[in-house]
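Open the model in a viewer and keep the sequence panel beside it. The stops below are meant to be followed in order.

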Number of protein chains: 2
Amino acid sequence: MIKHALPVTRAADFAAWYQSVITEADMAEESGVRGCMVIRPWGYGIWERIQRLLDDRIKATGHENCYFPLFIPLSYFEKEAEHVDGFAKEMAVVTHHRLIGDGKGGLTPDPEAKLEEPLVVRPTSETVIGTAFARWVQSWRDLPVLINQWANVVRWEMRTRMFLRTAEFLWQEGHTAHATVDEARGETLQMLEVYRSFAEDCLAMHVIAGEKPENERFPGAVETWSIEAMMQDGKALQAGTSHFLGDNFARAQNIRFQNAEGQLEHAQTTSWGVSTRMIGGMIMVHGDDDGMRVPPRVAPWQIVIVPMLRDQPEDEALLGYCRDLQKELAALTALGEPVRAMVDARAQKAATKRWGWVKKGAPIVIEVGGRDMAGGNVSVIRRDRLYREDGKLDSVVTPRGDFVAGAADLLEAIQAELHRQSTEALRAQIVPVDDWAGVEAHFADGVKNPGWVDVRWSKPSGAALDAVVERLKALKLTIRNAPAGQGAIEGVCVFTGAPAVERVLLARAY
Amino acid sequence: MIKHALPVTRAADFAAWYQSVITEADMAEESGVRGCMVIRPWGYGIWERIQRLLDDRIKATGHENCYFPLFIPLSYFEKEAEHVDGFAKEMAVVTHHRLIGDGKGGLTPDPEAKLEEPLVVRPTSETVIGTAFARWVQSWRDLPVLINQWANVVRWEMRTRMFLRTAEFLWQEGHTAHATVDEARGETLQMLEVYRSFAEDCLAMHVIAGEKPENERFPGAVETWSIEAMMQDGKALQAGTSHFLGDNFARAQNIRFQNAEGQLEHAQTTSWGVSTRMIGGMIMVHGDDDGMRVPPRVAPWQIVIVPMLRDQPEDEALLGYCRDLQKELAALTALGEPVRAMVDARAQKAATKRWGWVKKGAPIVIEVGGRDMAGGNVSVIRRDRLYREDGKLDSVVTPRGDFVAGAADLLEAIQAELHRQSTEALRAQIVPVDDWAGVEAHFADGVKNPGWVDVRWSKPSGAALDAVVERLKALKLTIRNAPAGQGAIEGVCVFTGAPAVERVLLARAY
């Protein structure tokens with residue numbers, strides 16, 4: 001039996017496993033500030049890779065980056081009633097702008113420095129960005145406005161979990177204004193597709209893109225679309241959303257333009273975002289009982305070279321051999337970018353370093369000892385294929401030249417293999433179910449890892465939808481989305497027996 | 001006489017000129033939130049360029065990026081008395097985590113959701129990062145810790161000015177911990193040099209690196225070093241700082257390690273940062289009466305191609321000609337990176353677009369009309385050399401192939417020319433002065449644009465220094481820094497008549 005690197009396996013306790021991956025891979029840690037985490041270099045390095053790759057795609061579709069204030073005056077929220085209902089319950093509020101001594105050696109907010117109007121730390125920026133759009137947009141010639149920002153936002157969550165749900169998190173939020181409904185809906189779907197292809201191509205994470213049901217819409221939105229990923233415990237994770245806001249925000253914020261005929265119209269707006277939550281999803285999609293497995297495209301280091309140093313004079317030659325190898329690798333191109341290779345020359349045991357990088361999920365770990373160097377070899381470990389059939393670590397002695405010649409292909413193969421596994425896992429864990437009894441049976445108590453079910457429904461609205469949501473709640477289920485691009489369907493609604501109009505996915509979710 | 005693009009000249013009213021550059025170049029605008037600005041795409045694009053170039057240098061010197069919480073518990077500040085004295089007066093304080101309806105259709109902080117311990121929006125992160133260092137550092141083997149973060153910070157400024165002094169601003173803050181004083185001081189000076197060379201090489205901004213006097217030290221620091229830039233109105237701008245903190249923060253935050261001999265020691269720490277303020281400095285160093293002049297290395301677009309569209313069928317061919325040109329330029333390398341060229345195909349008059357890009361300070365603007373295309377030419381405007389000697393716009397018809405062949409050299413020449421002008425301006429505006437009467441005369445009422453003076457002083461401390469600061473204050477002067485690398489000096493202190501120990505620069509400052 002294999003002795004794995006983590007103290008707990010996925011099968012034994014998925015939640016504890018997730019937490020141990022984050023700790024053992026030095027991804028993040030508690031900060032001492034309620035609900036806020038410290039993102040450590042390996043975790044932040046992955047976020048930087050995500051930013052770089054996604055930002056390129058956001059710019060390639062014509063958007064420009066801006067920066068809007070962290071603070072939003074209370075009155076901005078009062079304008080958009082539905083939006084406020086959705087967010088008002090969980091916001092950090094700044095009420096004072098100065099501290100003074102409390103007379104007991106401590107500090108306290110200065111009563112003299114109370115703000116006339118409290119400021120909210122942005123939970124999302126529709127209101128403040130909409131106010132800017134109202135200044136910028138006068139004529140149809142000013143449209144579309146296509147902007148994005150990378151920022152921190154705060155939502156006061158009661159129960160937090162690293163990366164998945166934290167009080168402060170990092171994200172990008174795109175905001176656009178258009179002259180027509182068609183163009184704004186087109187933008188909403190274009191960005192959904194950017195997210196879908198980014199998740200698949202870069203995070204090697206198979207996702208289902210589709211429309212959220214009415215009850216799951218963003219506060220104030222006309223349509224909310226999402227990409228949903230399958231975690232290894234069968235739960236769903238919403239990994240990105242794109243909202244068509246119609247003229248709801250434009251009316252509240254007075255974003256109006258003179259059309260070509262000289263009449264005033266309200267603009268049609270959209271917003272869309274992904275966050276550091278994606279990192280949590282990536283961990284739960286690709287991780288195994290030895291830690292993370294980071295897809296090469298988003299790995300801060302794709303190839304880590306570990307010299308087996310012995311604190312002896314020979315170390316110098318070994319380090320030289322490793323540094324030359326690093327230079328050769330860094331000159332290669334894989335997956336469209338220069339290969340990111342590093343030498344881990346820290347004064348620690350080689351085995352400690354090896355397992356450290358395995359837990360961090362570096363795609364390829366190279367060990368080089370004196371014997372390897374003498375033979376002109378390297379020992380190669382592929383993170384996606386860690387063990388041989390006999391359960392031993394699969395470290396393959398390879399001529400150095402052969403490894404370098406094949407390194408780019410190997411990285412591309414690992415990226416493809418992780419994506420293949422994710423696709424297979426998602427497909428295997430979605431089961432079509434035809435009636436409510438089938439849904440109840442599928443999610444009965446004690447069924448381990450039930451995955452998702454694919455059902456037909458009549459898309460009820462209002463009170464009828466509320467009733468459906470209540471029935472689902474009893475099974476701890478939610479409607480994830482109605483997958484995009486489904487054709488016409490037949491059959492009856494699993495909830496109401498009425499003729500079905502579309503398929504939706506039901507799942508337990510993060 | 002030249003009719004310039006801005007409504008106000010530098011000579012007429014420098015402060016109004018600065019504000020008009022920011023407005024006319026679409027750099028930033030008031031947000032409606034007190035002291036916070038909206039950074040628009042051209043302004044944020046410059047910040048992204050600064051981030052990319054500086055981040056490369058920060059990583060090349062061995063630092064890794066992390067992310068720490070936006071909020072800092074009040075108690076963290078209470079630990080470091082001197083630090084708090086320096087910051088306590090100007091911080092945004094979060095006291096509530098929920099809003100509720102106020103019964104009058106508005107919103108108000110929920111009294112039920114008052115935080116037990118108020119949270120401060122970070123004005124800088126020494127305290128929260130030091131707390132993490134205390135967790136991370138146990139042994140000499142854990143040192144040095146070399147990290148950096150890119151983040152927003154908030155300081156409640158009473159008088160704000162776009163980019164130069166805003167309540168919220170964007171910056172990077174490096175934080176490091178070391179085993180020895182020598183190593184930590186070496187780090188402090190290394191990062192000062194990174195800032196100096198970055199300002200010179202990338203921002204084309206000549207600066208003076210040196211040590212700040214005792215009264216200008218960062219709260220809690222043992223030494224504070226800065227780079228100081230010369231604005232065109234003769235004022236100084238502190239454009240970056242690097243602090244050696246000794247063990248002051250390590251003692252307050254209990255950052256201790258076991259040394260090789262097995263004894264516990266406090267670590268020696270540093271911090272260093274530059275912010276969006278650099279952009280304000282760049283405007284005041286390079287701008288002219290037609291707007292910004294952005295050095296090619298940090299220009300989001302280095303070459304902007306403006307087709308002279310006429311809303312006619314011929315436009316298609318003209319656009320094709322411009323797009324082909326853009327592709328040829330984008331395939332070039334200048335200043336070590338691919339050339340950033342774009343076609344401005346917006347439906348506006350060519351002259352409006354031309355002057356828009358002149359005001360934004362794009363290094364090269366290319367205009368292409370039907371006649372240019374027919375002759376295989378382009379019309380080239382260099383932003384650093386806008387007018388001919390006769391005062392007419394210097395737009396040079398050039399064979400397209402010649403322009404492409406010389407484009408990379410031209411960008412490098414513009415970068416070098418801006419740096420040359422900045423160096424010359426700085427040198428011309430620093431005058432050595434030998435006695436206090438000379439200082440008073442130099443900065444007498446009515447002297448326009450006095451620049452800086454270079455004086456000798458005896459480096460008084462404590463009350464003697466306070467007296468010097470008071471005398472300077474009467475002339476609205478501050479000691480900027482003692483330039484690094486000065487040799488032994490002779491002569492007497494301009495303030496006290498005692499033997500001088502070093503030269504310092506005196507100036508009015510932003």
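The tour goes from one whole chain to the pair of chains, then to their contact, and ends in a sheet.

**Conventions.** This is a predicted model, in which local features need pLDDT of at least 70 and side-chain atom pairs count only at pLDDT 80 or more, while totals for chains, interfaces and linings use all residues. Residues are numbered from 1 along each chain as its sequence is written, and chains are lettered from A and ligands numbered from 1 in the order in which they are written.

**Stop 1: chain A.** Select chain A and colour by secondary structure: there are 14 helices and 28 strands. Helices (H or I, at least four residues) and strands (E, at least two) are DSSP runs, numbered from the N terminus. Along the principal axes, the C-alpha atoms of chain A fill a box of roughly 80 × 65 × 55 Å. The radius of gyration of chain A is 26 Å, which agrees with the value near 24 Å for a compact globule of 510 residues; this radius is taken over C-alpha atoms, and the globule rule is 2.2 Å times the number of residues to the power 0.38. Of the 510 residues of chain A, 50% count as buried (20 or more other C-beta atoms within 10 Å of the residue's own, with C-beta atoms placed from the backbone). Among contacts in chain A between residues at least 6 apart in sequence, 67% join residues at least 24 apart; a contact means that the C-beta atoms, placed from the backbone, lie within 7 Å.

**Stop 2: both chains.** Now show chain B as well. What operation lays chain B on chain A? A turn of 180° with a shift of 0.0 Å along the axis does so, with an RMSD of 0.0 Å. That is the relation of a two-fold axis. The superposition is by least squares on the C-alpha atoms of residues with pLDDT of at least 70 in both copies. In chain B, Val94(B) comes closest to the rotation axis, its C-alpha being at 2.1 Å.

**Stop 3: the contact.** Select the residues of each chain that touch the other: 52 from chain B and 52 from chain A. On the chain B side, the largest share, 4 residues, comes from strand β5 (residues 93-96). Strand β5 of chain A pairs with β5(B) in the antiparallel sense over 3 bridges, where pairing requires that DSSP find at least two bridges. Val94(A) stands opposite Val94(B).

**Stop 4: the sheet.** Hide chain A. In chain B, 8 strands form an open sheet with mixed pairing, in the order β3-β9-β10-β16-β13-β12-β11-β27. β3 (64-65) and β27 stand at the edges with a single partner strand each, so one side of each has no neighbour in the sheet. Strand β10 (residues 168-178) runs antiparallel to β16 (residues 268-275), joined by 8 bridges; among the partners are His175(B) and Ser271(B).

**Stop 5: β11(B).** Zoom to residues 207-211 of chain B: 5 of the 5 residues in this strand are buried. Val207(B), Ala209(B) and Glu211(B) point one way, and Ile208(B) and Gly210(B) the other. On β12 (residues 223-230), an antiparallel partner over 5 bridges, Ser226(B) stands opposite Gly210(B). β27 (residues 482-483) is also antiparallel to β11(B), over 2 bridges, with Ala482(B) opposite Glu211(B).

Notes:
Buried ≥ 20, exposed ≤ 12 C-beta atoms within 10 Å, placed from the backbone. Contact = placed C-beta atoms within 7 Å.
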